[in-house]
Amino acid sequence: MKAMVDPDTCIGCGLCCGLCDAVFRMNDEGKAEAYQAADEIHQSDVQEAINTCPVSAIRWEE
Ligand code: SF4
C-alpha cells in the first residue's frame, strides 16, 4: 500500500519520519514525502503516522 502526504498541509514536524523512516522522509522544502510504498511490515507504522500527524496530512492512496 502507498501513503500520500499533502505538502500544502504538512507542517514539517518530522513525526512521521520518526515513526517510519522506511516510508517517509523530509524533502528539500522541509515537508514529508512518502518515498516508498509500505510493505506489510510497515503498514501499522504508517497507520500510526496517519493517526498521529498533527495536521492530518497523511492518507492512504486510493
Ligand atoms: S507528521 Fe504530518 S505534519 Fe509532521 S512531517 Fe509528517 S506529514 Fe508533515
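V5 counts as buried, at 14% relative accessibility. This residue sits in strand β1 of a predicted model. The protein has two helices and four strands, arranged along the sequence as β-α-β-β-α-β. The points below start from V5, then take the overall fold, the core, the loops and the charges.

**V5 and its surroundings**
- V5 qualifies as buried because its 14% relative accessibility is under the 20% cut-off.
- Beyond its neighbours within four places in sequence, V5 is in contact with C10, F24, A32, E33, A34, A57 and I58.
- One of these contacts, I58, is among the residues with the most contacts inside the largest nonpolar core.
- F24 is another V5 contact that appears in that group of core residues.
- V5 and K31 are 26 residues apart along the chain, yet their C-alpha atoms are separated by 8.6 Å.

**Overall fold**
- The radius of gyration is 10 Å, which agrees with the value near 11 Å for a compact globule of 62 residues.
- The C-alpha trace spans about 30 × 20 × 20 Å along its principal axes.
- Buried residues account for 31% of the 62 residues.
- Take the contacts between residues at least 6 apart in sequence: 50% of them join residues at least 24 apart.
- The exposed surface comes to about 3,900 Å², and carbon and sulfur atoms supply 47% of it.

**Nonpolar core**
- The largest nonpolar core has 19 residues.
- Inside this core, the residues with the most contacts are A3, C16, V23, F24, V46 and I58.
- Five elements give two or more residues to the core: β1 (3–5), α1 (15–19), β3 (32–34), α2 (43–52) and β4 (58–60).
- Helix α2 provides the largest share, three residues.
- C16 touches F24, A32, A49 and I58, leaving out residues up to four places away in sequence.
- Two of the C16 partners, F24 and I58, are themselves listed with the most contacts inside the core.
- A32 and I58 also touch V5, as well as C16.

**Loop between α1 and β2**
- C20 lies in this loop.
- C20 is buried, with a relative accessible area of 2%.
- Leaving aside neighbours within four places, C20 is in contact with H42, D45 and V46.
- The C-alpha atoms of C20 and A49 are separated by 7.8 Å, with their positions 29 residues apart in the chain numbering.
- A22 is found in the loop between α1 and β2 (24–26).
- A22 counts as buried, at 19% relative accessibility.
- The cut-off for buried is under 20%, so A22 at 19% falls on the buried side.
- A22 touches Y35, Q36 and H42, not counting residues up to four places away.
- H42 is therefore a contact of both A22 and C20, given heavy atoms within 4.5 Å.
- A22 and V46 are 24 residues apart in sequence and 9.6 Å apart in space, C-alpha to C-alpha.
- V46 also touches C20.

**Loop between β3 and α2**
- D39 is found in this loop.
- D39 is partly exposed, with a relative accessible area of 39%.
- D39 and V23 are 16 residues apart in sequence, and their C-alpha atoms are 9.1 Å apart in space.
- V23 is among the residues with the most contacts inside the largest core.

**Loop between α2 and β4**
- S56 has its place in this loop.
- S56 counts as exposed, at 59% relative accessibility.
- S56 has a positive phi of about 50°, although it is not a glycine.
- Most residues other than glycine have a negative phi.

**Charges**
- The protein carries 4 positive and 12 negative charges.
- The mean positions of the positive and negative charges are 5 Å apart.

Key:
Residues are numbered from 1 along each chain as its sequence is written. This is a predicted model: local features need pLDDT of at least 70, side-chain atom pairs count only at pLDDT 80 or more; totals for chains, interfaces and linings use all residues. Side-chain values use heavy atoms; hydrogens and water are left out. The radius of gyration is taken over C-alpha atoms; the globule rule is 2.2 Å times the number of residues to the power 0.38. Buried means under 20% relative accessible area, exposed over 50%, partly exposed in between (1.4 Å probe, protein chains only). Accessible areas come from the Shrake-Rupley method with a 1.4 Å probe; for residues, only the protein chains shown count as cover. Lys and Arg count as positive and Asp and Glu as negative; His and the chain ends are not counted. The place of a charge is taken as NZ of Lys, CZ of Arg, CG of Asp or CD of Glu. A nonpolar core is a set of buried Ala, Val, Leu, Ile, Met, Phe, Trp, Tyr and Cys residues joined through side-chain atoms within 4.5 Å.
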